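Trainee: Please take a close look at one part of this model for me. I would like the detail in one connected answer.

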Amino acid sequence: MLNLIQSRGRWNLKAMSTELGCSTRTIQRDLEVLEFAGVPWYIDASDKSYRVRSDFRFPTLMLTHDETIGQVIATALTNASGLDIGPGASPTTRKLAATSNDEIQQIIADAARIIEVFDLKLVDHSQHHGIIRTLQSALLEGNKVTGRYDSPYEDKTLRLTIHPYRLCLIKQAWYVIGHIEGETRAKTFRVARFKTARQLEQAALIPDQFDLREHFGNAWSVYRGDTSYDIRLRFEPQAARVVTETVWHHTQEVKQNRDGSATLSFTVDGLDEILNWILSWSGKVRVDAPNELRVLLVQTLEKAIQIHSESDSE
């Protein structure tokens, strides 16, 4: 009701009771509550509608400049394609702008104008908002989820019932972690691969001591291999400065060499995911260890050359 009478509409008793779906008696009672709360409302004699004094601001958080900018950054992030899986921080920022003093309102307006998140190259989840909301609700209420899941490693769509533990953003996509009904081992499911999802009114079994870091171990990205490898990569000088700007893995160690090159070391469970990353640096990196990774890289590059050679012959 406060939002209504602070807006520019003509809100009399009848209009408010219709809008809010209650009796005019309830509206009068709620007006008394607002008065007790210190809200300076009055009746505008010109159109017989209820108003709030124009200089009134409902009590809100006293934010510092840095806290205000932080909220705007959160808004920009959650508006970005791939992160826009819900309303994000925008509604909170709008409420802060509507209830803050002129200085904070100006900071919000200026920061929103100059801060933008662009081209993150995340998986497009625009078609999966309903599924994500279902997963969020199930996680908050501690319930199971059932649905159809399209795995690239299976010939047909799977019908699954899972006990969800966590929803998390990893590298470029959202994943839900949990175990399948009838099993106990936690698995990782890519949200974009769910075709349908429905929350069940059945409690999920969630291990008390589940640890997300332990679940992923030293996986390069999402899928954890059975064998752990100590990786050592030497990047040529022209790539060294660029590659060392980013922390690629939580086990990363960097050694700057005298010739301008850089050696990056990692401890990784499995080779497939890091191989794909190394391929993106082809011609600028040498695999010093382990030998298994070096062989796998050479075989992949040879196959790529063969494919392109066959293409030329056609």
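Mentor: Here is a look at one buried arginine, followed by two other sites. The model is predicted, so local features need pLDDT of at least 70, side-chain atom pairs count only at pLDDT 80 or more, and totals for chains, interfaces and linings use all residues. Residues are numbered from 1 along each chain as its sequence is written, and side-chain values use heavy atoms, with hydrogens and water left out.

Start with arginine 190. Strand 6 (residues 187-190) holds it; strands are DSSP runs of E, at least two residues, and helices are runs of H or I, at least four, both numbered from the N terminus. Arginine 190 is buried but has no salt bridge. Buried means under 20% relative accessible area, exposed over 50%, and partly exposed in between (1.4 Å probe, protein chains only). A salt bridge puts a side-chain nitrogen of Lys or Arg within 4 Å of a carboxyl oxygen of Asp or Glu. For arginine 190, the nearest side chain of opposite charge is glutamate 273, 8.2 Å away. Lys and Arg count as positive, Asp and Glu as negative; His and the chain ends are not counted. Leaving aside neighbours within four places in sequence, arginine 190 contacts Val123, Tyr149, Ala173, Trp174 and Tyr175. Contact means heavy atoms within 4.5 Å.

Now valine 243. It lies in helix 9 (residues 237-243). Its relative accessible area is 0%, so valine 243 is buried. Not counting residues up to four places away in sequence, valine 243 touches Phe235, Trp248, Leu264, Trp277 and Trp281.

Last, leucine 77. Helix 4 (residues 65-79) contains it. Leucine 77 is partly exposed because its relative accessible area is 37%.
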